[in-house]
Amino acid sequence: MKRIAQITDIHLMEEWSARHGADTDSNLKLVLQDVGARGIRNVIFTGDIGHADAYQRFFALLKDFHFTVIPGNHDTFADIKPYYFPEYLKTKAEMFHATEEEYFKYIFLDSSSDSISEIQLQWLENELVTTKHVLLFIHHPVLQVLTAVDFKYPLLNRNAVKDVLVRSGREITVFCGHYHTDDFTKEENITQYVTPAASVQMEKNPLEIVIHSRYYGYRIIELEGRAVGTHVVLNHGKGFDVVD
């Protein structure tokens, strides 16, 4: 079995996080300690690293893991580039790429502009020509979630992205963040998991954005054969517990 830790929305060194009660530096260190203690070496971070001054700290904490990073709407490619230099970034101005294993194809999209560019959409359509189960990592959710954040700050062209995914006919599992909550949604051939933030959470409230720091966490993704399993791991202040 292969296990991956998906971490998202740490907002490291942002005054916004601290104002709402999160010690993001401590949160990230404790999350990575828990990931390592569970024997997980693969980490995928799905955006919103934090303040530009935090990037060096962020990548230093990840150095002992095999990690992949995509940006969120709080991130810029220019800020990330001095600290993160995978081979694919040498030829691109946006942080999107794909990798493959025996049963799975991993697709990573860059939604830092709050949308998916036309270049990425065309590339995505080509990459979805595969017989493998597609694992799509993106900061913004593609499918709608009934929460105020979705109404105020959605992926602006999510219908176009969804249309490309549905037309492919492929089995697609989306892992994302951005909404600072835990959510599961399934439509047609798309299964979507929204992962709680490693900083503060936002209540799943359709009327207003309510922020709290009662807990923080990450997601474990388990791949065995062609099957995908997943669990959320939360810390309410007394250690990390797996939530089924």
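The exercises below deal with a predicted model, its open sheet, two helices that pack on this sheet and Ser199.

Residues are numbered from 1 along each chain as its sequence is written. Local features need pLDDT of at least 70 and side-chain atom pairs count only at pLDDT 80 or more, while totals for chains, interfaces and linings use all residues; side-chain values use heavy atoms, with hydrogens and water left out.

**Exercise 1. Work out the strand order of the open sheet and state which strands stand at its edges.**

Step 1. Helices (H or I, at least four residues) and strands (E, at least two) are DSSP runs, numbered from the N terminus. Two strands pair if DSSP finds at least two bridges between them.

Step 2. The 6 strands follow the order β4-β5-β6-β7-β9-β8, and their pairing is mixed.

Step 3. β4 (97-100) and β8 (183-187) each have a single partner strand, so one side of each lacks a neighbour in the sheet. These two are the edge strands.

Step 4. On average, neighbouring strands are turned by 15 degrees against each other, direction ignored. Axes are lines fitted to C-alpha atoms, for helices over the stretch in contact, and angles run from 0 to 180 degrees between N-to-C directions.

**Exercise 2. Describe the pairing of β5 and the burial of its residues.**

Step 1. β4 and β5 run antiparallel, joined by 4 bridges, and a hairpin of 3 residues connects them. Lys105 in β5 is the bridge partner of Glu100.

Step 2. With β6, β5 pairs in the parallel sense over 5 bridges; here Tyr106 has Leu135 as its bridge partner.

Step 3. Buried means under 20% relative accessible area, exposed over 50%, and partly exposed in between (1.4 Å probe, protein chains only). By this criterion 5 of the 5 residues of β5 are buried, so the strand is largely enclosed by the rest of the structure.

Step 4. In a regular strand the side chains alternate between the two faces of the sheet. Phe104, Tyr106 and Phe108 point one way from β5, and Lys105 and Ile107 point the other way.

**Exercise 3. Place helices α5 and α7 against the sheet, and find the buried face of α7.**

Step 1. Helix α5 (residues 118-127) touches β4 and β5 (contact: heavy atoms within 4.5 Å), and its direction makes about 180 degrees with that of β5.

Step 2. Helix α7 (residues 158-168) lies across β6, β7, β8 and β9, at about 135 degrees to β9.

Step 3. The buried residues of α7 are Arg158, Val161, Val164, Leu165 and Ser168. Seen down the helix axis, they fall within an arc of 125 degrees, so they line one face of α7; the arc is that of the directions from the helix axis to the C-beta atoms.

Step 4. These buried residues pack against α5, β6, α6 (148-152), β7 and β9. Just after α7, Gly169 takes a positive phi of about 75 degrees.

**Exercise 4. Locate Ser199, decide whether this residue is buried or exposed, and give a polar contact of its side chain.**

Step 1. Ser199 is in the loop between β9 and β10 (201-202).

Step 2. Its relative accessibility is 1%, so Ser199 counts as buried.

Step 3. Leaving aside residues up to four places away in sequence, the residues that Ser199 touches include Asp9, His11, His180 and Tyr215.

Step 4. A polar atom of the Ser199 side chain lies 2.7 Å from the backbone oxygen of Asp9. A polar contact is a pair of N or O atoms within 3.5 Å; within protein, one must be able to donate a hydrogen and the other to accept it, and residues adjacent in sequence count only if both atoms are side-chain atoms.
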